[in-house]
Amino acid sequence: MSNCLFCRIIAGEIPAAIVFQDDSLVAFKDINPQAPLHLLLVPKTHIATLNDLAPEHDALVGSLFRRAAALAREHGYHERGYRTVFNTHADAGQTVFHVHLHLLAGRGLTWPPG
Ligand code: 5GP
Ligand code: ZN
């Protein structure tokens, strides 16, 4: 989608600090990090929200979580701990309507979240 921020990052039209990519997903640093490690894992196909996931996306969602775990390990946080979050619509604070998995690590993360 040409007017989608994350589609434009995936297309290389907007720069981002990309740390990993393969055929199905890209991971880059959040521009406004909320923890020492704050990455966004983004499918290369445009899906607006979790509500729009279909059975054909099951493998993709698995890949997002498995890659998040691999990146947490790569950065040394796999045992200390980390958080993975999808925000969906207004009450959760979703601002970019292209599904993305937040990976946060490097500080104590409170629960329940705000
Ligand atoms: P949401 O609030 O939709 O769950 O998360 C959107 C995230 O995208 C936010 O954490 C925000 O900081 C990040 N973000 C917004 N614009 C950009 C950008 O242009 N580049 C990068 N790397 N991250 C962005
Ligand atoms: Zn998009």
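# Cavities and cores

Student: How do the residues lining the second largest cavity divide into nonpolar, polar and charged?
Tutor: A cavity is a set of points, on a 1 Å grid over the protein atoms alone, where a 1.4 Å probe fits but can't get out, and lining residues have an atom within 4 Å of a point. Ala, Val, Leu, Ile, Met, Phe, Trp, Tyr, Cys and Pro count as nonpolar, Asp, Glu, Lys and Arg as charged, the others as polar. Here that gives 9 nonpolar, no polar and no charged.

Student: What kind of model is this?
Tutor: Residues count from 1 along each chain, chains are lettered from A and ligands numbered from 1, each in written order, and side-chain values use heavy atoms, without hydrogens or water. Local features need pLDDT of at least 70 and side-chain atom pairs 80 or more, while totals for chains, interfaces and linings use all residues, as the model is predicted.

Student: Which element gives the most to the lining of that second cavity?
Tutor: The lining includes Leu60, Val61 and Leu64. Helices are DSSP runs of H or I, at least four residues, numbered from the N terminus. With 3 residues, the top contributor is H2.

Student: And which element has the largest share of the largest nonpolar core?
Tutor: Such a core joins buried (under 20% relative accessible area, 1.4 Å probe, protein chains only) Ala, Val, Leu, Ile, Met, Phe, Trp, Tyr and Cys through side-chain atoms within 4.5 Å. Among its 18 residues, Leu64 and Leu71 are two of those touching the most other members. The largest share, 5 residues, comes from H2.

Notes:
Buried means under 20% relative accessible area, exposed over 50%, partly exposed in between (1.4 Å probe, protein chains only). Helices (H or I, at least four residues) and strands (E, at least two) are DSSP runs, numbered from the N terminus. On a 1 Å grid over the protein atoms alone, a cavity is a set of points where a 1.4 Å probe fits but cannot get out, and a pocket is an open set with protein on both sides within 12 Å along at least five of seven lines; lining residues have an atom within 4 Å of a point.
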